[in-house]
Every structure is written in C-alpha cells, then in structure tokens.
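Biologist: I'd like a close look at a single part of this model, from its immediate neighbours out to whatever it leads to. Could you walk me through one stretch in detail, and explain your terms as you go?

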Amino acid sequence: MIRPKTEEEIELLRINGDLVSRTLAEVGKWVAPGVTTEKLNEVAETFIRDHGAVPSFKGFEGFPAALCMSVNDVVVHGFPSDRPLEEGDIVSVDCGTLYKGYNGDSAYTFPVGEVDAETRKLLDVTKASLYKGIEAAVAGNRTGDIGYAVQSYAESFGFSVVRELEGHGVGKQMHEEPGIPNYGRRGHGARLQDGMTICIEPMICAGGRGVYIARNGWAVHTADHKNAAHYELTVVVRKGRAEQLSTFDYIEKDGSIKF
Ligand code: MG
Ligand code: MG
C-alpha cells in the first residue's frame with residue numbers, strides 16, 4: 001500500500017523541487033562549447049550547498065558526483081568529466097537534492113550551441129512526452145496510463161523508449177514506490193492517489209531502444225550510440241490535474257537563456 005504524502009510533506013518536497021529547478025537553471029547558464037561537465041557539476045554542488053541542502057546523488061550507492069552528466073549517447077548516470085563540451089553535443093543533467101529530510105529530483109537535456117534538426121526534435125519530443133505523462137498523472141488513473149501517454153507520443157515521432165529505467169515515487173527516499181515506467185498499457189499498474197508524489201522521467205532514444213551499462217558500472221549508453229534525451233519533473237498527483245513541484249520555467253523563461 002502506497003501512502004499519499006501529507007500537505008506538510010508536500011511542502012518540503014516543493015522546496016526541494018524549487019531548488020533542483022533553480023540548480024538546473026544555474027547549470028544551464030554555463031552550458032557552452034568548451035565547458036567541461038566537471039565545471040557544471042561544481043557550479044551545481046556549490047549552488048545546492050549554498051542553499052543549505054545536500055546533493056543527494058553524491059555517494060548514493062557509490063555515485064561520485066553531485067549531478068549525473070550524460071552526453072550524447074549516454075542516456076543517464078554519466079559521470080562528470082574533463083572533456084570539454086562541443087558545439088552540437090547534448091548534455092542531460094540530472095539533479096537531486098536533500099533538504100530537511102526530503103528529496104528533490106529533476107533532469108533537463110541542454111543543447112550545446114546549435115544542434116542539428118533531428119537532435120532538436122528529439123529534445124522537443126522528449127520534453128513534450130513528459131508533459132503528456134504529467135497530464136495522465138491524475139488520481140484514479142494507473143501508472144500504465146502515464147507510461148502509455150509517454151510511449152505513444154514519443155513513438156509517434158519514430159523515437160524509442162528505454163525500458164530498463166523508469167520514474168518513481170519520491171519522498172524521504174529518493175526512490176520510492178511506485179515505479180513509473182515510460183511505456184505501458186492504459187488501465188494497468190499501480191493506482192494513483194491524491195497526494196502521491198512521483199517523478200516522471202522519459203528517457204527517449206533517437207534510434208533503437210537497446211542500452212548497455214559502461215564498464216564503470218554506471219553510465220547507460222544507447223547500443224547504437226545514437227543520441228538519447230532525458231527530462232524529469234516531480235509532481236503531486238491530484239484529482240483532475242497533477243501539480244508540478246519542480247519546473248523548467250527558470251531555465252526557459254529567464255529571458256537570458258534560450259533552450
Ligand atoms: Mg533524476
Ligand atoms: Mg528520478
């Protein structure tokens with residue numbers, strides 16, 4: 001039985017959601033050709049700690065950094081590195097915070113400079129598929145309704161959905177029940193209840209959906225080495241319409257940065 005969160009808990013998750021959202025926007029200001037993902041990681045860790053929070057990924061099951069930095073064919077869980085980003089790359093940045101005992105978790109794929117039209121489309125479709133998933137995250141629906149919404153949208157553009165990884169409940173733990181797959185059948189899976197807090201995070205591939213894990217045990221690559229994108233938001237399930245606890249507005253509506 002999955003326990004919906006109290007309004008007090010939701011408020012703490014909202015504070016965390018706001019902090020991860022603003023952290024991703026700080027990172028976004030630095031994304032450019034020539035910048036390393038180690039630098040982006042440093043910017044994020046400083047920002048999170050300056051706000052009295054802890055980067056929850058650092059040390060999680062041995063993960064070595066504050067943020068996951070996944071470039072091009074890396075879907076998720078990439079390590080920051082000293083390789084400078086290049087014009088035309090994409091970098092998926094996944095950020096987690098821990099503040100007052102609760103977790104924040106969101107991700108955004110940034111283009112580095114100008115990207116080709118197909119890559120731009122991959123980013124737009126992946127983000128739109130996330131919003132399709134959020135539309136389905138209403139009380140009375142099931143997790144399969146979210147997965148169906150994401151999958152049917154992404155596949156209608158000829159892209160493919162990673163099956164091995166999924167979204168999740170979030171609260172005192174970074175990953176709680178239920179799992180939120182990005183594929184599925186309508187009317188199947190766990191029932192969504194008012195007050196459940198979940199992370200929806202489509203991982204969408206430009207080519208095939210096959211993936212493998214790198215020798216470091218973490219970075220998930222596409223098998224065909226085509227690009228993959230990853231966007232994640234935290235929401236609270238409500239009757240009629242989910243409420244977002246994190247947002248991309250700081251990235252996209254700031255005015256100074258255009259993604
Ligand atoms: Mg995440
Ligand atoms: Mg997550």
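Modeller: Happy to! Let's start at the hairpin of β14 and β15, where six residues lie between the strands and Gly 240 takes a positive phi near 90°. Strands here are DSSP runs of E with at least two residues, helices are runs of H or I with at least four, and both are numbered from the N terminus. Please keep in mind that this is a predicted model, in which local features need pLDDT of at least 70 and side-chain atom pairs count only at pLDDT 80 or more, while totals for chains, interfaces and linings use all residues. Residues are numbered from 1 along each chain as its sequence is written, chains are lettered from A and ligands numbered from 1 in the order in which they are written, and side-chain values use heavy atoms, with hydrogens and water left out.

Now to the partners of β14. Strand β15 (residues 243–244) runs antiparallel to β14 and is joined to it by two bridges; two strands count as paired if DSSP finds at least two bridges between them. In this pairing, Val 235 stands opposite Gln 244. Strand β9 is also antiparallel to β14, and four bridges join the two. There, Cys 199 stands opposite Thr 234.

What about the faces of β14? Both are covered: Leu 233 and Val 235 are buried on one side, and Thr 234 and Val 236 are buried on the other. Buried means under 20% relative accessible area, exposed means over 50%, and partly exposed is in between, using a 1.4 Å probe and protein chains only.

The β9 side deserves a few more words. Ile 198 touches several residues of this region, including Leu 233, Thr 234 and Val 235, as well as Ile 146, His 168 and Val 237, leaving aside residues up to four places away in sequence. A contact means heavy atoms within 4.5 Å. Ile 198 is also among the residues with the most contacts inside the largest nonpolar core, which has 52 residues; Leu 67, Val 91, Ile 146 and Ile 200 are the others named there. Another core, of eight residues, lies apart from it and includes Val 76, Leu 165, Met 203 and Cys 205. A nonpolar core is a set of buried Ala, Val, Leu, Ile, Met, Phe, Trp, Tyr and Cys residues joined through side-chain atoms within 4.5 Å. In soluble globular proteins, nonpolar side chains tend to be buried together.

You may be wondering about Cys 199. It counts as buried, at 0% relative accessibility. A search of the whole structure finds zero disulfides, a disulfide being a pair of cysteine sulfur atoms within 2.5 Å. For Cys 199, the nearest cysteine sulfur is that of Cys 95, 11 Å away.

Just before β14 comes the metal site. The magnesium ion (ligand 1) is coordinated by Asp 94 (OD, listed twice), Asp 105 (OD) and Glu 232 (OE), at 2.0 to 2.5 Å. Donors are N, O and S atoms within 2.8 Å of the metal (3.2 Å for Na, K and Ca), and water is not among the atoms, so sites may look incomplete. Asp 105 sits in strand β5 and Glu 232 in the loop between β13 and β14 (233–236), so this pair links parts of the chain that are 127 residues apart. Both Asp 105 and Glu 232 are buried.

The magnesium ion (ligand 2) is coordinated by Asp 105 (OD), His 168 (NE2), Glu 201 (OE) and Glu 232 (OE), at 2.1 to 2.3 Å. Asp 105 bridges the two magnesium ions, which lie 3.1 Å apart. Because Asp 105 lies in β5 (residues 102–111) and Glu 201 in the loop between β9 (197–200) and β10 (203–205), this pair ties together parts that are 96 residues apart in sequence. Glu 201 is buried too, like Asp 105.

On the other side of the Glu 232 loop is β13, part of an open antiparallel sheet of three strands in the order β6-β10-β13. Strands β6 (160–161) and β13 (228–230) stand at the edges with a single partner strand each, so one side of each is left without a neighbour in the sheet. Three bridges join β10 to β13, and Ile 204 stands opposite Ala 229. Helix α3 (residues 117–135) packs on this sheet, touching β10 and β13, and its direction makes about 35° with that of β13. For such angles, axes are lines fitted to C-alpha atoms, for helices over the stretch in contact, and values run from 0 to 180 degrees between N-to-C directions.
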